[in-house]
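User: Could you take a close look at one part of this model for me? I'd like to hear about one buried charged residue and what surrounds it, then how that part sits in the whole assembly.

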There are 2 protein chains.
Amino acid sequence: MPEQALVERSSIRHALPIEVTEYVDFYSSLEHATNMGKLFRPGMEPLTPNWRWLPIGYHGRCGSITASGTPVPRPSGQRKDSQEGAPIYAPSRMLDFERELAFVTGAGPARSVAPDEAEEYIFGVALLNDWSARDIQAWEYQPLGPFLGKSFATSLGPWIVMLDALEAFRVPGPRQEPAPLPHLAADGAHAFDIALEVSMSTERMRSGGRPPHIVTRVNSSGLYWSMAQQLAHVTSNGSPLRAGSLYASGTISGVQPGSYGSMAELSSLGREPILMPSGERRSFLEDGDTVMMSGGCAREGLASIGLGTLTGSII
Amino acid sequence: MPEQALVERSSIRHALPIEVTEYVDFYSSLEHATNMGKLFRPGMEPLTPNWRWLPIGYHGRCGSITASGTPVPRPSGQRKDSQEGAPIYAPSRMLDFERELAFVTGAGPARSVAPDEAEEYIFGVALLNDWSARDIQAWEYQPLGPFLGKSFATSLGPWIVMLDALEAFRVPGPRQEPAPLPHLAADGAHAFDIALEVSMSTERMRSGGRPPHIVTRVNSSGLYWSMAQQLAHVTSNGSPLRAGSLYASGTISGVQPGSYGSMAELSSLGREPILMPSGERRSFLEDGDTVMMSGGCAREGLASIGLGTLTGSII
């Protein structure tokens, strides 16, 4: 084989795999929504009354979705400390990652699509890091939802893996209580057994030759609302689907602290910083920190399927 | 002039004037935000603490933005009556219009743009009707904002009028108290003296030969947050601007009931229905109703500038 046909793996730079026509971010992990409710609205019921009836979601910014490897500049924004009378505009001090699984659609009809037919419109799945500035978000999000605390950057994984390739890893999702209304109810199994992992490295770790440190592991099969239900919900008002649209799960967290999908949850909003192997502590992301997300399916006797690695560094 | 070169005005069908790359909806009218706070969160402070510090906004759906004249099918969705234990999925009973003024951008830099330079990136302005299903919206919008209550359809006006053409109608905006933080503060006048009007007709009115009935009039110069400030806010986290992005003001309401920009406000959520010339009453939009928005600038001694008429009918 001629040498010219081979490319050094380390020399590869990933491009954005699609031109994003629409971006929606859901909030489909029961554990994440519960954790965030406790952290952001302490003393109140963590789940809003609608949470178990529909997959809550909101539209995000298409133009700041970037490829794996693209550095993420620390955003500035308005925040307000509860003790202060007025907000300030300053660089975010609570920069976070969110580990998500996203899917990409083809075009679809302008009618309500049932969960059991929704996957026909899903091209494939990819890793997604929904970078979040928690201080900006906390101040801005009432009453119309997240905006600038999210819109500065969203990193999309390098590979979109077709749903057909994941067929052997299809599993039933968690029991849903109350039972979904008919337009969101599914007969089939629409969850997928994908192991997801997030590692971090700091500048000191890298200069000391230390490998990245795994901070959280979870399996996507525990996600409360399935991709099929998310898509059924989106079309339930007659909104048509477009090719190249990106739908993210929302942060995926598990029951155990080691499975939480964001630093806000892992560090309890900074009250219990994460200890890194270098001895450094992290409540939120510092400049020079690199976040690596990876995911894949593996079972004895089957070829393993990888979603690749999604990296991004704070600059 | 050869007859073939002339086109019957009534035969014209408007197309969408741009391919929308990003859609943001603001909430920039003090009067509208106050009215909606009172209607949707009775007994609470109508404005959230952030409202006077930043132009609140959220991303919307690009793919359901349609041209003037495109019919709007009544959406179905989940809603929950406060007396009921469970929500239902059914056609919306609280379908509304929202009178807005939108602007379209060119591309911009990935840095914070000051209000006094923001208009360099604005191509022009257009009318926008942000159709809203209030029952779907009320149930879904906590905690992440409006989603399916808005995403079924948004109608964009037929003409994008360049900002240069409006120069003679530039006026100072309302006094802002507290003074905006430096990144949102402007020296120049960034409001525009544009008269906006909404008319409605019902099937019975049209078959009886009645003309459309004007239901609300307002002037855009009263908008609390200017387009320049909206755009400065969007870029304040380093998010770059893209050509063809659409930024809507949010419903524009005035102080008097006859200037309110939505039926929710005009009818007090249905408690005081609007009386039409046919004797019919409207709390919200019925099938067959047509909504016409128009806008323009006029002053003695100057050529008048029109934004055209934006129409849409519920089917």
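Analyst:
**Arg134(A) and its surroundings**

In this predicted model, the side chain of Arg134(A) makes a polar contact with the side chain of Gln137(A), at 3.0 Å. Arg134(A) sits in helix α3 of chain A, and with 0% relative accessibility it counts as buried.

What packs around it? Setting aside residues within four places in sequence, Arg134(A) is in contact with Met36(A), Phe40(A), Met94(A), Asp96(A), Phe97(A), Glu98(A), Lys150(A), Ser262(A), Ala264(A) and Phe284(A). For a sense of distance, take Phe192(A): it is 58 residues from Arg134(A) along the chain, and their C-alpha atoms are 29 Å apart.

One of those contacts deserves a second look. Asp96(A) and Arg134(A) join their side chains in a salt bridge, 2.9 Å from N to O. Asp96(A) belongs to strand β6 (residues 95-96) of chain A and Arg134(A) to helix α3 of chain A, so this pair links parts that lie 38 residues apart in sequence. Both partners are buried.

For comparison, here are two other bridges in chain A. Arg282(A) pairs with Asp289(A), with the closest N and O atoms 2.7 Å apart, and that is another buried pair: Arg282(A) is buried, and so is Asp289(A). Now back to Arg134(A): salt bridges with shared partners join Asp96(A), Glu98(A), Asp130(A), Arg134(A) and Lys150(A) into one network. The other bridge is between Arg175(A) and Glu177(A), with 2.9 Å between the closest N and O atoms. There, Arg175(A) is exposed at 67% relative accessible area, while Glu177(A) is partly exposed at 45%. Across all chains, the structure has 34 salt bridges.

Chain B lets you look at Asp96 from its own side. Asp96(B) is in strand β6 (residues 95-96) of chain B, and it counts as buried, at 0% relative accessibility. A polar atom of its side chain lies 2.6 Å from the backbone nitrogen of Met263(B). Beyond its neighbours within four places in sequence, Asp96(B) touches Trp131(B), Ser132(B), Arg134(B), Ser262(B), Met263(B), Ala264(B), Phe284(B) and Leu285(B).

As for the assembly, chain A superposes on chain B by a rotation of 180° with 0.0 Å of shift along the axis, at an RMSD of 0.0 Å. The two copies are thus related as by a two-fold rotation axis. Within chain A, Gly145(A) comes closest to that axis, its C-alpha being 2.1 Å away. Both copies use the same surface, since 100% of the contact residues of chain A recur in chain B.

Each side brings its share: 52 residues from chain A and 52 residues from chain B take part in the contact. Between them the chains bury about 4800 Å², 59% of it on carbon and sulfur atoms. On the chain A side, Arg61(A), Leu144(A) and Phe147(A) lose the most area, together 17% of what that side buries. How many salt bridges run between chain A and chain B? Zero. There are, however, 28 residue pairs in polar contact between chain A and chain B. Helix α3 (134-140) of chain A is among the elements that give two or more residues to this side, and so is α5. By class, the chain A side has 28 nonpolar, 19 polar and five charged residues.

His233(A), in helix α5 (residues 227-235), shows the join up close. It is buried at 4% relative accessibility, and its contacts more than four places away in sequence include Phe26(A) and Leu54(A) from its own chain, plus Phe147(B) and Leu148(B).

Terms used
Residues numbered from 1 in each chain as written. Chains lettered and ligands numbered in written order. Predicted model: local features only at pLDDT ≥ 70, side-chain atom pairs only at ≥ 80, totals over all residues. Heavy atoms only, no water. Helix = DSSP H or I, 4+ residues; strand = E, 2+ residues; numbered from the N terminus. Buried < 20%, exposed > 50% of the residue type's maximum accessible area, 1.4 Å probe, protein only. Contact = heavy atoms within 4.5 Å. Least-squares fit on C-alpha atoms with pLDDT ≥ 70 in both. Buried area = accessible area lost by both parts, 1.4 Å probe. Salt bridge = Lys/Arg side-chain N within 4 Å of Asp/Glu carboxyl O. Polar contact = N/O pair within 3.5 Å; in protein donor to acceptor, adjacent residues only side chain to side chain. Nonpolar A, V, L, I, M, F, W, Y, C, P; charged D, E, K, R; others polar.
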